[in-house]
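Trainee: I would like a close look at one part of this model. Please take me through it step by step.

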Amino acid sequence: MSTNPDPAPPAGPAGRFAREHRTAVAAAEEAGSLLRSRFPDGFAARPKGELGDVVTDLDLLAEQLVVGRIHERFPHDRILAEESGELAGDGGGRTWLVDPLDGSNNVVIGLPVYVVGIALCVDDTPVVGVVHDPVTGRTWSARRGAGAHGPEGRLAAPDRALAPSGPLLAWTQGHSVPRDDSTACVLKHALELRCRRLLQLWAPLVAWAMLARGDIDGFVGYRAEAIDLPAGALLAREAGIALRHLDGTEFGGGYHGPDTRRSFVAGRPEVLPQLLDLVDGCVQNHRPGLVPPR
């Protein structure tokens, strides 16, 4: 039985995409069972690219399973998957994004911090998002306009002020961002100095789920990866989280366009102005070529 049963769809627009939601939840949880059965030592890994990323045979097996389930039920939809790339659709504007194992680097070193992520976008708007944690068997999901739900019901980020010691934030940056990227270095270094803690989980969807549950105060991303962004952004937004670009303008959470459009600040509405001020101070003080001391 699913740990995140599909709530009865309400009348009107909020009831849309219920079938897609059920399919995504079932596929994510089936893939999670596969991953859990092979972790921590029932897989092989190899390098992926030249920037230190990895891919395991678990990524490939889970992706094949998820893509197969989605294609079986929605054969005309386009699918973008982390490892296998694009399965073309009929041009109807519906695109599924599949991250079968968000946290592969963690898995390789035996760290049980990884999830399965699935999203459906209509054009560039996320309408279904699912995050499943194979380690705990828990699932968090959302449909546009219908709220976010987890094992214990509807999610709503708690209304509370930031601690005097500073916010608890998560950080992510895209794989293509060089290690010496001056903006990333300055921003991350400044956040570490001014926050109570800055989490770097190597699994952005884990951070999105933590934010939606209220475990952390905010999430900052710099040129984030496209494949896992829509599921996490929708989950957070439907839980009451506000999302902005670094300059404070509204952030949609879609996957289109260059990664330079995927830098964001996310947090509860009552603390977002403080988070934006914190980030803005970092960005305004940045000068090209400036790298903070190690």
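Trainee: How do the residues lining the second largest pocket divide into nonpolar, polar and charged?

Mentor: This is a predicted model, so keep that in mind. The lining of the second largest pocket divides into 8 nonpolar residues, no polar ones and 3 charged ones. The charged residues in the lining are Asp-133, Arg-138 and Arg-213. Among the nonpolar ones are Pro-112, Val-113, Tyr-114 and Val-115. The pocket holds about 170 Å³ of space. Two elements give two or more residues to its lining: strand E8 (138-143) and helix H5. Arg-138 and Trp-140 line the pocket from E8. H5 gives the most, with 4 residues.

Now follow H5 away from the pocket. H5 covers residues 204-213, and helix H6 covers residues 229-238. Their axes come within 8 Å and cross at roughly 5 degrees. Angles under 35 degrees count as roughly parallel, so H5 and H6 are roughly parallel to each other. On the H5 side, the contact uses Leu-205, Trp-208, Ala-209 and Ala-212. On the H6 side, it uses Leu-229, Ala-231, Gly-232, Ala-233, Leu-235 and Ala-236. These contact residues divide into 9 nonpolar, 1 polar and no charged. Ala-209 meets H6 and also lines the pocket.

Finish with H6. Here 9 of the 10 residues are buried, so H6 is largely enclosed by the rest of the structure. The buried residues include Pro-230, Leu-234 and Glu-238. Just after H6, Gly-240 takes a positive phi of about 100 degrees.

How values were computed:
Residues numbered from 1 in each chain as written. Predicted model: local features only at pLDDT ≥ 70, side-chain atom pairs only at ≥ 80, totals over all residues. Heavy atoms only, no water. Axes fitted to C-alpha atoms, helices over the stretch in contact; angles between N-to-C directions. Parallel < 35°, antiparallel > 145°, perpendicular 65-115°, else oblique. Contact = heavy atoms within 4.5 Å. 1 Å grid on protein atoms, 1.4 Å probe; cavity = no way out; pocket = protein on both sides within 12 Å on 5 of 7 lines; lining within 4 Å. Points joined across faces, edges and corners; volume = space filled by probe spheres on them. Buried < 20%, exposed > 50% of the residue type's maximum accessible area, 1.4 Å probe, protein only.
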